[in-house]
Structure formats: structure tokens, C-alpha cells
Amino acid sequence: MTLLHSLLTPPVRPSAPAAVRPVHELNETADAFGLTVQLPCVARDGLDVTVEEDVLRVVGRRAWTPPAGWSPLHRETTDAPFTLAVALGQAVAADRIAAELRDGVLRLSLPKVEAVRPRRITVA
Amino acid sequence: MHQLRYPTSLRSVFPVARSGARLSPWSGLEAEMDRLFAAALAAEGPATFPVDVYADASATHVRAALPGCRREDLRIELADGQLTLSVMPPAPAAGDPAPATATPAHSEPIARRSLAVPEDTAEDQVAATYVDGVLTVTLPRRPATPPRRIEIRAA
């Protein structure tokens, strides 16, 4: 009954989502993971990068609001903040994470802990 | 026990909400199929990017989300009432050795978007800024010229 009801009731299209997931890319080198997050319209003040219980969380609030007198004619972006959560597990040294924000792109370097780095053993 | 089938024809009439409790059990599969179809049917060519358009008393403002671009790779062209925003592939720096395959002078943009601009745009006063990965193009309006009255000479 619930499913039938859900099929027959047109869902309300959310006009303003609470948050949007940013376009992002994760890559890996021997020593670190690299996370690139696209956050257009986000400045340093509106950006929060936190690590809590092995979850990296990126929250970016848009730095720009239309000045008085500007009326929107056509919108393809939302004003909702960007949020992204990435489970790091035990592989990342959280205390050595480095972040850089430039031109709306956040680049995070997530260094691996010593235990998971590839190690070459020299044969004597 | 009846197995409730999800008719595909209904799907187009009642689009599945992106979030909330009314999410169909098939939404994941549907989203994936939509994505595959979109990818298969997508036209070849440069990528696109989202654009917002605002207006105030004196100008139209176009804001394009283009994170991580170099200013020199952004191209703004205004011709025949069309504003074209392009992101060009990065040009090799002056000091770099010439690549094996020389980049043609008119290389294809990575991303491109064209918009019709208002007829009364003062084309010589268009200005642009690039802040926090957002390109803002300001298209001022020409002040309305009063209609010119033409006297009829006595023959």
C-alpha cells in the first residue's frame, strides 16, 4: 500500500536541496592519497575541513550572495552548501593532512600511515 | 502475495524524488540506466558547465561555475548577440620545449557554453572577473536612445 501510494502521489521536487555533493576525484600514490574537490564560489572563510572518527568531512558554503538589486533570470546552480564525507579508515595519518584552496578547487593531501606504505626489503 | 511491479510509464509522469522517503526501490538502477543512456546519447564535443544569469537596473550578469581554471585559458567572445564562454586547453609555457605534436592555433575548447545576450547590450563595455572559480561577465545595457524625429522638408 505504501509503495502504491508512493507511485500514485507525485513527489514534491525539492526546490532547494539542503546540501549538494561536490564533484570530486580521489587518486593514490605510494605515499599519499590525493582528494580534489571542486567547490566553485567557496572562499576560505566558508570552508570547513574536519576529521572525526576516521571520517573526513568537507563543508563549503558559498561565499557570494547576489548584491541588492540583482534579480535571478536563470539559475543552474543552487545556494546550498557543498558537503562531502569520505571514510579514511586506518590508512591516513590524520594529523598530517594538508589542504589548499585555489580558484574554487580544494586539493587535499592525505598522507598514508607508515604501516600501509609499500616497503622494499633489501636482500642482504 | 502480489509482487508490485513498477511500471516504467509511470516513472516519467512522476519523477522520483532525489531525496526523501518516497524513493523508489529501483531508483538506483534507474539512475544508473539514465546515466548510461545519457552517456551514450551525449553529443561529441566540449563539455559544458552551469551558468546563472542575473539582471539589475543597468546590466545583465552571467556567472559561470568554472573551478580551477587559469585566467589565460578562459575565453569570452561576443558576436552576433551570442556570448560564448570557452575554456581552452592550457597552452605550453614559453620556456617549454615544443611538444612532438604541435598544438594547432585554433584548438578545440575543453568546455564551452553559448548564451543569447539582450539586444541592447553595450558590447564595448563588457567586463569580466574570475573569483573563487566563478567567472562573472557583466553586460551593461546601452541607455535607450530617444527616437529621432525627422522633419519633412517642403518640396
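**Entry 1: a hairpin in chain A.** I started with β1(A) and β2(A), which form a hairpin with three residues between them. I kept in mind that this is a predicted model. The two strands, β1 at residues 24-28 and β2 at residues 32-38, pair in the antiparallel sense over five bridges. I picked out one residue to follow across: His24(A) has Val37(A) in β2(A) as its bridge partner.

**Entry 2: how covered is β1?** I asked myself how many of the five residues of β1(A) are buried. The number is zero, so this strand lies largely in the open.

**Entry 3: the other side of β2.** Next I looked at β2(A) and strand β8(A), residues 105-111. Seven bridges join these two strands, which run antiparallel. Here I found Gly34(A) standing opposite Ser109(A) in β8(A).

**Entry 4: the whole sheet.** I then put the strands together and got an open sheet of four, in the order β1-β2-β8-β7 of chain A, with antiparallel pairing. Which strands stand at the edges? They are β1 and β7 (98-102) of chain A; each has a single partner strand, so one side of each is left without a neighbour in the sheet. Ignoring direction, I noted that neighbouring strands of this sheet are turned by 15° against each other on average. A reminder to myself: strands of a sheet pair through backbone hydrogen bonds, either parallel or antiparallel.

**Entry 5: a look at chain B.** I found two helices and seven strands here, and along the sequence they follow the pattern α-α-β-β-β-β-β-β-β. Of the 155 residues in chain B, 14% are buried. I also checked contacts between residues at least 6 apart in the sequence of chain B: 50% of them join residues at least 24 apart.

Technical notes: Residues numbered from 1 in each chain as written. Chains lettered and ligands numbered in written order. Predicted model: local features only at pLDDT ≥ 70, side-chain atom pairs only at ≥ 80, totals over all residues. Buried ≥ 20, exposed ≤ 12 C-beta atoms within 10 Å, placed from the backbone. Pairing = 2+ DSSP bridges. Axes fitted to C-alpha atoms, helices over the stretch in contact; angles between N-to-C directions. Contact = placed C-beta atoms within 7 Å.
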